[in-house]
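Subject: The structure for you to look through

Dear colleague,

I am handing over the structure we spoke about, and below it you will find what turned up when I went through it. Please keep the display open while you read, so that you can follow each point on the chain itself.

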Amino acid sequence: MPNPVVHFEIQTAEPEKSRDFFREVFGWQVDVVPEMGYGLVNTGTETGINGGIEASPTGEPRVMIYIEVEGIQSYLDRAVAAGAEVIMPVTSIPGAVTFAVFSDPAGAVVGIVDSETPPAE
């Protein structure tokens, strides 16, 4: 199975300012999920991917990608064996996504998402 990039996140200390910027410059639709403080980005194209804009957990700006995998825990274990540090263990949002986040040995932060959607509760 190929492992495509399926989602991006733009994380910043001022997420609303970033949301407004990307709306204005690129015409992206950004719908904020208030209970999560997360801006869901629809880029309006069939050839690209959608993503999100949110507050950075460290306060430092960064852009992350999420790679789709089949069997998320095995990929996280492989990443750790290759020198990655787990930032967020495998976590499920019922009916939406199962994901994990790690940093590679050089410090780049990357997310992985399971190809299976978890059941809604």
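Strand S4, which spans residues 51-55, is mostly covered, since four of its five residues are buried. Please keep in mind here, and in everything that follows, that this is a predicted model.

Which strands does S4 pair with, and in which sense does each pair run? On one hand there is strand S1 (residues 5-12), which runs parallel to S4 and is joined to it by five bridges. Within this pair you can look for Glu9, which stands opposite Gly52 in S4, and a little further along for Gln11, whose opposite residue in S4 is Glu54. On the other hand there is strand S3 (residues 38-42), which runs antiparallel to S4 and is joined to it by three bridges; in this pair, Val41 stands opposite Gly51 of S4.

Strand S1 has a further pairing, this time with strand S5 (residues 62-69), and here the two strands run in the antiparallel sense over six bridges. If you would like one place to check this on the display, take Ile10 of S1, whose bridge partner in S5 is Val63. As you trace these strands, it may help to remember that in a regular strand the side chains alternate between the two faces of the sheet.

Turning to the chain as a whole, its secondary structure amounts to two helices and eight strands, and these elements follow one another from the N terminus in the order β-α-β-β-β-β-α-β-β-β. Among contacts with a separation of 6 or more, 52% are between residues that lie 24 or more positions apart.

As for overall dimensions, the C-alpha atoms fill a box of roughly 40 × 30 × 30 Å along the principal axes. The radius of gyration is 15 Å, which agrees with a compact globule, because a globule of 121 residues would have a value near 14 Å.

Of the 121 residues, 34% count as buried. The chain exposes about 7,200 Å², and carbon and sulfur atoms supply 56% of that area. Finally, the chain carries 5 positive and 18 negative charges, and the mean positions of these two groups are 7 Å apart.

With best wishes

Technical notes. Residues numbered from 1 in each chain as written. Predicted model: local features only at pLDDT ≥ 70, side-chain atom pairs only at ≥ 80, totals over all residues. Heavy atoms only, no water. Rg over C-alpha atoms; globule rule 2.2 N^0.38 Å. Buried < 20%, exposed > 50% of the residue type's maximum accessible area, 1.4 Å probe, protein only. Contact = heavy atoms within 4.5 Å. Areas by Shrake-Rupley, 256 points an atom, 1.4 Å probe, with all protein chains shown as cover. Lys, Arg positive; Asp, Glu negative; His and termini not counted. Charge placed at Lys NZ, Arg CZ, Asp CG, Glu CD. Pairing = 2+ DSSP bridges.
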